[in-house]
Amino acid sequence: GIKFLKHVERTKVLFHFISCESENPLQDYETVRQELKAYNETLLEKPEYLFLSKSDAVSKEKIEQVKQEFQLKLQKEIIPISIIDQNSLDSVKKILNKLILEKTA
């Protein structure tokens, strides 16, 4: 609700976690973006990272399909992640560490 959106206003970077199990991950992302825009259009200007969560729950073909859809329709990269895949968690940690370094520089 509004309390969450007020919190989002104070953040420097947005992380979107979109479930692989969704029937339409692209639509889920676009819905969130519309909600952000309706609340405060400047939120759309914030840097963002997109993650395709629960990537262990679907086939590799489904993951590739979603990645291609985001790339073709939005020119955005979406990073598959899973809580049981240490490599994907490490990629999120690298992003977080980079953001921390940028903040302290």
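**Exercise 1. Salt bridges along the helices**

Lys-98 and Glu-102 both lie in helix 4, 4 residues apart, about one turn of the helix. The model is predicted. Find how close the N and O atoms of Lys-98 and Glu-102 come, then place two salt bridges of helix 3 (residues 60-74) beside this one.

*Solution.*

1. Take the helix 4 pair. The closest N and O atoms of Lys-98 and Glu-102 are 3.8 Å apart. The cut-off is 4 Å, so a Lys nitrogen within that distance of a Glu carboxyl oxygen makes a salt bridge. Lys-98 and Glu-102 form one.
2. Check exposure. Lys-98 has 43% relative accessibility and counts as partly exposed. Glu-102, at 48%, is also partly exposed.
3. Look for a network. Arg-33, Glu-48 and Lys-76 are joined into one by salt bridges that share partners.
4. Move to helix 3. Lys-67 and Glu-64 sit there, 3 residues apart, about one turn of the helix. Their closest N and O atoms are 3.7 Å apart, and the two form a salt bridge. Lys-67 is partly exposed at 30% relative accessibility. Glu-64 is partly exposed at 38%.
5. Stay in helix 3. Glu-69 and Lys-73 are 4 residues apart, again about one turn. They form a salt bridge with closest N and O atoms 3.5 Å apart. Lys-73 counts as exposed, because its relative accessibility is 55% and the exposed class begins over 50%.
6. Give the total. The structure holds 6 salt bridges.

**Exercise 2. Two pockets**

Describe the lining of the largest pocket and of the second largest pocket. Which residue is both among the closest to the centre of the largest pocket and in the lining of the second largest?

*Solution.*

1. Start with volume. The largest pocket has about 330 Å³. Its lining holds 17 residues, and the closest to its centre are Phe-4, Val-8, Phe-15, His-16 and Val-32.
2. Trace the elements. At least two lining residues come from each of helix 1 (2-10), strand 1 (14-19) and helix 2 (25-39).
3. Sort by class. This lining has 11 nonpolar, 4 polar and 2 charged residues.
4. Turn to the second largest pocket. Its space is about 260 Å³. The lining consists of Lys-12, Val-13, Phe-15, Leu-96, Leu-99, Ile-100 and Lys-103.
5. Sort again. There are 5 nonpolar residues, no polar ones and 2 charged. Helix 4 (residues 86-104) gives the largest share, 4 residues.
6. Compare the lists. Phe-15 is in both.

**Exercise 3. The ring of Phe-15**

Classify the aromatic pair of Phe-15 and Phe-17. Are its two residues buried or partly exposed?

*Solution.*

1. Count the pairs. There are 5 aromatic pairs.
2. Read the geometry. The rings of Phe-15 and Phe-17 are 6.3 Å apart, centre to centre, with 40° between the planes. Stacked needs under 30 degrees and edge-to-face over 60, so this pair is tilted.
3. Check exposure. Phe-15 is partly exposed at 25% relative accessibility. Phe-17 is partly exposed too, at 47%.
4. Widen the view. Phe-15, Phe-17, Tyr-49 and Phe-51 form one aromatic cluster.

**Exercise 4. Around Ile-79**

Which residues does Ile-79 touch, not counting residues up to four places away in sequence?

*Solution.*

1. Locate Ile-79. It lies in strand 3 (residues 78-80).
2. List the contacts. Ile-79 touches Leu-50, Phe-51, Leu-52, Ser-91 and Ile-95. Among them, Phe-51 also belongs to the aromatic cluster.
3. Add a distance. Glu-61 is 18 residues from Ile-79 in sequence and 14 Å away in space, C-alpha to C-alpha.

Note on methods
Residues numbered from 1 in each chain as written. Predicted model: local features only at pLDDT ≥ 70, side-chain atom pairs only at ≥ 80, totals over all residues. Heavy atoms only, no water. 1 Å grid on protein atoms, 1.4 Å probe; cavity = no way out; pocket = protein on both sides within 12 Å on 5 of 7 lines; lining within 4 Å. Points joined across faces, edges and corners; volume = space filled by probe spheres on them. Nonpolar A, V, L, I, M, F, W, Y, C, P; charged D, E, K, R; others polar. Phe/Tyr/Trp six-rings, centres within 6.5 Å; stacked < 30°, edge-to-face > 60°. Buried < 20%, exposed > 50% of the residue type's maximum accessible area, 1.4 Å probe, protein only. Contact = heavy atoms within 4.5 Å. Salt bridge = Lys/Arg side-chain N within 4 Å of Asp/Glu carboxyl O.
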